[in-house]
Every structure is written in C-alpha cells, then in structure tokens.
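Open the model in your viewer and keep the selection tool at hand. The stops below go from the whole chain to single side chains.

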Amino acid sequence: MPEQLFRLAENEGIRIDYWDLGRNVEAIYHAEPGMQPVICFSTKLKKCSTAHFRTVFAEELGHHFTTVGYTLSRTYTSYRDRLMICKSEELALRWAANYLMPDEQLERAMLDTGVIGEWELAELFRVDESLVKFRFGLLSEIWKGKVQEELVRTGVIDEDYYWEY
C-alpha cells in the first residue's frame, strides 16, 4: 500500500474511511470549515492494484491541496457549476501527477533507464498508465525536446523516433 500517501494524509489531518460508494464512485474528498477533512474510498479499492490505488489516493489528496469550496459531485445548476467542478478535478489530477512523478525523477527515469513507454513508466512509478499520459501532457515542449535530444544522443532512440506526447 502507498505508505507515503497515508503519512501525508495523516500529517494534514485527513481522516481516511472506506464506504460502499456505489458502482461508479471510487473515492470522495470532503472538507468543510470547522470539520476534519476526509477521504472516503470505495470498499472496492481494497481489491485493486497498488498502482490504481496510488493514482486514486493522490488525486483525492490533490483536492486537499488545490481545491477551495464545495465540489462534491452534485446536480449541476448551471454551466458555470459544471466548469468549476471540471477545473477542480483537473487541478487535483495535475497535483497527483506532479507529486507521484516529479520532473526530476521522470527525467532521470527516462535518461538513466531508457524507459519511455507509458506502461513501463506506469510500472516504474506504480501509477495508472492514464496518469502517465496525463503527466506527459503537462510537460513543456522545451522539456520534451531536451529529453528527446538526450535519448537520441545516448542511443536510446533514433532521430526518426516519433515522440507522441
């Protein structure tokens, strides 16, 4: 299990619970002024892979560090409500991707090991492949160019390699 994420939650005073959240909900973060924040995981996650649990857990912690206000799923009353919830989900996922795969570690993994595939990086960082793909979308074109040049220089890839990210 992701001990580092549990320690971070504990240090932030976040309570962790497991509930039957239904079929389509894996986890919920809830915080209100004057109350202890809580991350509630679906009991289904007790049977999932460590990579998937780490991905879900980090995204929920991302809400703690990036979200202000009440953004639990609800009936949308306006287009603006829908945009606010989408934005909070993106911010939380961005935090998770950066926390679990920091630039320096990602660069070192690619340059030192030659690992460049989504599934390989997902295995290395113990996260879902979808998070690796999202993380690559956050990287600047300058960073991508720098890493690609180094991979070509060291012979990991050839100059004609298509950099899909």
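A contact here means that heavy atoms lie within 4.5 Å. With that cut-off, residues 24 or more positions apart account for 57% of the contacts in the chain with a separation of 6 or more. The model is a predicted one.

**Whole chain**

Start with everything selected and colour by secondary structure. There are seven helices and three strands, and from the N terminus the elements run α-β-β-β-α-α-α-α-α-α. Switch to a surface view: the chain exposes about 10000 Å², and carbon and sulfur atoms supply 51% of that area. Of the 165 residues, 43% count as buried.

**The sheet**

Next, select the strands. They form an open sheet of three in the order β1-β3-β2, with mixed pairing. At the edges are β1 (15-19) and β2 (27-30), each of which pairs on one side only. From one strand to the next the twist averages 20°.

Now narrow the selection to β1 and β3 (residues 38-42). These two strands pair in the parallel sense over five bridges. Show Asp-17 as sticks and look across to β3, where Cys-40 stands opposite.

**The aromatic side chains**

Hide the sheet selection and display the aromatic rings. The chain has eight aromatic pairs. Select Phe-6 and Phe-53: their rings are stacked, 6.1 Å centre to centre with 25° between the planes. This pair links distant parts of the chain, as Phe-6 lies in helix α1 (residues 3-11) and Phe-53 in helix α2 (residues 50-66), 47 residues apart.

Buried or exposed: which applies to Phe-53? Phe-53 counts as buried, because its relative accessibility is 1% and the cut-off for buried is under 20%. Phe-6, at a relative accessible area of 27%, is partly exposed.

Stay on Phe-53 and add Phe-57. Phe-53 and Phe-57 make an edge-to-face pair, 5.7 Å centre to centre and 75° between the planes. The two are about one helical turn apart because they sit four residues from each other in helix α2. Both Phe-53 and Phe-57 are buried.

Extend the selection to Tyr-18 and Phe-41. Ring pairs link these two with Phe-6, Phe-53 and Phe-57 into a cluster.

**Helix α6**

For the last stop, select residues 129-138, which make up helix α6. Its buried residues include Leu-131, Val-132, Arg-135 and Phe-136. These four lie on the same side of α6, because they cover an arc of only 140° around the axis. Rotate to the face of α6 turned away from that buried side: the exposed residues Ser-130 and Gly-137 are there.

Note on methods: Residues are numbered from 1 along each chain as its sequence is written. This is a predicted model: local features need pLDDT of at least 70, side-chain atom pairs count only at pLDDT 80 or more; totals for chains, interfaces and linings use all residues. Side-chain values use heavy atoms; hydrogens and water are left out. Buried means under 20% relative accessible area, exposed over 50%, partly exposed in between (1.4 Å probe, protein chains only). Accessible areas come from the Shrake-Rupley method with a 1.4 Å probe; for residues, only the protein chains shown count as cover. Two strands pair if DSSP finds at least two bridges between them. Axes are lines fitted to C-alpha atoms, for helices over the stretch in contact, and angles run from 0 to 180 degrees between N-to-C directions. The arc is that of the directions from the helix axis to the C-beta atoms. Rings of Phe, Tyr and Trp (its six-membered ring) pair if their centres lie within 6.5 Å; planes under 30 degrees apart count as stacked, over 60 as edge-to-face and the rest as tilted.
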